[in-house]
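Colleague: I should be grateful for a close look at a single part of this protein, followed by an account of how other selected sites compare in their setting. Please begin with one residue and its surroundings.

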Amino acid sequence: MAPRFRIALYIGSLPGALVVPWIVFAPLEAASFIRGDANQDGKVDISDPKFTLNFLFLGGSGPPCPGAADANDDEIVDISDPIATLELLFLGSRSLPPPFPSAGPDPTRGLGCGSEPPQSLVCRPDGPAVVLTWAVPQDYDGIEVLRDGDLAAALPGDAAAYTDHPRAGGTHDYAVRGVEGSAATDEATCRVAGLPTNRPPTLILTAPAQGTVVEADSVQVRGRVTDDNEVVRIVAAGADATPQGPPPVPYEFTATRGLLPGPNLLRVQAVDDFGRSTFKDVAVGRPPLIPVGGKSMGVALDLSGTTGYDEVEKIVRPFLNQVPALLNQAVAGVELYRGSVLGVDIRVTGNRAEVPGAIGFDLFPSSAGGGRVGLAATFERILLFADGRSDFGFLGTDNWAATFTANNVTIRTTFAFNPLPGGAGLDIVTDGFTVEIGSSSTSVSGFLDPFGIFDGLVNFLAGLFQDEIESQVKAAVQGAAEQQLVPILEDAFSNLKLNLDLADVSLDTTFHDVLESGAGLSLLFDSVWLGAVKDPTFPPFPGSSARLAPYPTFPLAVPVGHAVDATISLSSDTLNQALFELTASGLLSTSLGLADVEAPLPLLLGTLATVLDERLLDLPGVSETNPLGLRVAAELPAEIRLGEGALGRAIVGQGAIWRYFKGTAEPPAGWNGLGFDDSSWERGPSGFGYSSDPGELRSVRTELPDMPGGFTTLYARVAFRVGSPAALTGLLLHVEHDDGFVAYLNGQEVARANATGAPPAFSAVADGTVEPTQLDIDLTPRRALLRAGDNVLAVQGLNAASASSDFVLVPELLEPVAPPAGTLGRVPAVIDVRDLVLTFVADTKGDGVGTSDADGQADEVDLFAYRLDFSLQAALLLTDGGGSMPPAIGFQMLAEDGPDADAFPDAIVGGAQGLRIAVAREAIDMRTTTLIEFAQLVLAILGPSLGEALTGFELPSFPIPELSFDLDSNGVPDVRLDVVNATLAVVDTTGDRRADWVCILSNLRAAAP
């Protein structure tokens, strides 16, 4: 049997060879052996150095007696030992250190072979388990039980029995030995054959059902576990549901799990007494904002009553240009007047109409109330030409012409938009049109009076014609407006869409409501997600990040340097829903092969796997040099949080390690300066705080549970280095605070908020209560305070009261990053990535993993997986799109390291401190601490490459839809309004200081369709 070894991994190199690892063994002391007899066949020959070389470099089994394999007696089994044996056999070396050439005890302490074992060892099968019993002939410090050469258990020195749970059935060799100090006895051995294979536990989840939508903020997870022996651990959605004592089989369990807004993936694990694990996942969540195929209002368009209507008025311009033709149609051939004057029949018939002057049009907020919009169309002049005829009976007839001139003609009405059922369009209801004429005149030409008896009636007739013709003109204009203008407006707005086309998914919009106020016109849209082929491995529940917030107040009180004609608004839920749909279609899924990664250490991963667990190499076809592959997949969607954080290379980032002093007394003088010794202060990562609201603890990494009732101020300082202050592109202090703070740079105050005092006393409180607030202070003008080399940022945080329910202090010092060319506006954002799972897989055919699989047939075996949670620094950008492309909302993420060079790019907020690692699942039974240590080692090795992979995925751009109007409903836009200038703004509609809408304040311009 192979004894137990203490194994250490070294990285080194041999002359003229590649860098290779070697293994140092420190076994427990043993009894007699022959020096150099590495394979323990009772003699020293060529098979011994071959055995040792096979072990060291080809993955062969370990020497049964390390003391014998240690040919030069330096207490290390390495390359020098087979060399010493070869020199003995072929180069005339006279001897090896004793015991040699005969067997005997090792005269030096260290590597050896053991001595007398326990007595009367019996191995008895008990189902898939093995019961071992033995007699203890003397007192031991401990008892060790080995199975197939591996340590199975370390027991007290007086133990006389052990029940083992081998995973596989078949035949197993057991050994039991006593331990005294650093020495071990010889081994008592036995063999068990014909064991049945242990089966993993069976896990059935009875509630909740897959895809359940839960209204409450928690859910009960229930299930049943059966096993062929005992269940020793059950973890249901993070809650321990392990039974107390041997449970009945099957075992029913219940656990309560709190739910985050949106989708939640609940994982249940059951482990039996053999260490076999079974996992089940169930996806549940809160009600979604916009489920696929469902509708909800998350997009809106506001038209400014002062400027935006001016642009929208252009959609009615085609109607205005058609006014002359419409009037012609209304009066041509129409009898405008017919009557008898002194026995003479007179008829006036319309001929044609002309509009020679300017035409004006105005939409405006109406004071009539009831959601009405005002409309006024003005015509500088309208000319109506008519043909007249006088019938004098037996004296004959006379034909003549009349010209009617109307000056300053105005059409007025108020109307309301009423969405049709199902979002099919809009119905416009008017309050009736009125036509006003400022002044008018009538002239008559070609009027003949053969006897001159009617000359005195010409002026009278002209006045008569004028009144009648004016009435007819008003009727014609009003009829044209009712028959033409209303349908044009209905068609124009009914064919207005605010759709988002994101390639894999699209958002189709229909009218939800139209609101009018003294500030403008608001059009609210229902939204329906279309497309999106789901990744079958992604949780089925299409959740959203939060419930829909109230629509933002219009107009937005955001200063901009350009006219604002219209505001396009997207709820943050709509943005997150888009990200969810794209994540569900595999956006964040990728695969990496460890062999393809340039590791900063010359480490052979096959050896690393050996150190971790030799069983990894027992899988069929796994290569010793690279048995592992890596698969990265999102199990839950990322979440966009608006208006938090600032994009920049971190000089002092989130998670940086600070020294802090709780304000129970005044700190020593100079605490905020360079020369202060803070070694006695407590140490922890930023941010600092406490709260009963889990959302407020999102950025808190050093909690202060003793602050309530204990102290109201916190003093914190952090040292950092700057190569050249003048080379910095800028300097930005970003502080999330609740309630107040004073900040110092190398001892000089540079910023404060909600704090009084110079400086505030240790017992001071903030000037008032605020919720967690993001504040950015441009310190570029104070850059001279920095010096090349060491610097100190110090902050005193103040709570509003000793009994306050919360306190948050998260300071960052950043070098701002300039936005890309063509950026119209940007707002800070944070992208939270939850449950990104890194799965290590073994290649069972030895033909490559993932995309490198030679035959294209997946044969990977999942070994274990880690779940990562982290946040990405980001800015939400509004870009001009470039060329003929429309403006678009996109993301800017920092993918390069700043002055605080760490294992990860600064896109991961706080670097490695901001990364939470947890074991997601394991296919082999291993200690969680071992897996976490391995994860940390791998992430340290792969840090830059993995960071690049995580930050390199491209989040989609959200194109800003053009405002186009199809006036004739032929499917082709007749009028288009393009976004010329635009600014991004975020809005908090709920008062919780968290942005829930992002708004594009835009200047519009009419363009050819």
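Modeller: His-737, once neighbours within four places in sequence are set aside, is in contact with Ala-753, Val-770, Glu-771, Pro-772, Thr-773, Leu-775 and Val-808. The model is a predicted one, and within it His-737 belongs to strand E39, which covers residues 732-738. His-737 counts as buried because its relative accessibility is 5%, and buried means under 20%. The side chain of His-737 also reaches the backbone oxygen of Asp-739, at 2.8 Å.

Phe-762 sits in the loop between strand E41 (748-753) and strand E42 (773-778). With a relative accessible area of 26%, Phe-762 is partly exposed. Not counting residues up to four places away in sequence, Phe-762 touches Gly-663, Thr-664, Ala-665, Glu-666, Thr-712, Thr-713 and Tyr-715. One of these partners, Thr-664, is 98 residues from Phe-762 in sequence, yet the C-alpha atoms of the two are 6.8 Å apart in space.

Salt bridges may be considered next. A search of the whole structure finds 24 of them. One of the pairs is Asp-862 with Arg-631, whose closest N and O atoms are 2.8 Å apart. Asp-862 lies in strand E46 (residues 860-879) and Arg-631 in strand E31 (residues 628-634), so this pair ties together parts that are 231 residues apart in sequence. Both partners count as partly exposed, Asp-862 at 33% relative accessibility and Arg-631 at 31%.

Asp-706 forms a salt bridge with Lys-662, and here the closest N and O atoms are 2.8 Å apart. Asp-706 is in the loop between strand E37 (702-703) and strand E38 (713-722), while Lys-662 is in strand E34 (residues 657-662); the pair therefore ties together parts that are 44 residues apart in sequence. Asp-706 counts as partly exposed, at 36% relative accessibility.

A further salt bridge joins Asp-978 to Arg-976, with the closest N and O atoms 2.9 Å apart. Asp-978 is buried, its relative accessible area being 17%. Elsewhere, Glu-144, Arg-177 and Glu-187 are joined into one network by salt bridges that share partners.

Asp-164 is another buried acidic residue, with a relative accessible area of 2%. Its place is in strand E7 (residues 161-164). The side chain of Asp-164 makes a polar contact of 2.7 Å with the side chain of Tyr-174. Leaving aside neighbours within four places in sequence, Asp-164 is in contact with Ala-129, Val-130, Leu-132, Arg-147, Ala-152 and Tyr-174.

On the surface, Ile-46, Leu-89, Phe-90 and Leu-91 make a nonpolar patch of about 430 Å². Ile-46 lies in the loop between strand E2 (19-25) and helix H1 (47-57), and Ile-46 is partly exposed, with a relative accessible area of 47%.

Finally, a word on confidence. The protein averages a pLDDT of 80, and 84% of the residues score at least 70. Over residues 1-30, however, pLDDT stays under 50, although the model has 92 contacts beyond four places in sequence for that stretch. Residues 290-295 likewise stay under 50 in pLDDT, and for them the model has 18 contacts beyond four places in sequence.

Terms used. Residues are numbered from 1 along each chain as its sequence is written. Side-chain values use heavy atoms; hydrogens and water are left out. Patches are made of residues with over 30% relative accessible area and no salt bridge: like charges are joined within 9 Å, nonpolar side chains (Val, Leu, Ile, Met, Phe, Trp, Tyr) within 5 Å. Accessible areas come from the Shrake-Rupley method with a 1.4 Å probe; for residues, only the protein chains shown count as cover. A salt bridge is a side-chain nitrogen of Lys or Arg within 4 Å of a carboxyl oxygen of Asp or Glu. Helices (H or I, at least four residues) and strands (E, at least two) are DSSP runs, numbered from the N terminus. Buried means under 20% relative accessible area, exposed over 50%, partly exposed in between (1.4 Å probe, protein chains only). pLDDT is the predictor's confidence in each residue, from 0 to 100. Contact means heavy atoms within 4.5 Å. A polar contact is a pair of N or O atoms within 3.5 Å; within protein, one must be able to donate a hydrogen and the other to accept it, and residues adjacent in sequence count only if both atoms are side-chain atoms.
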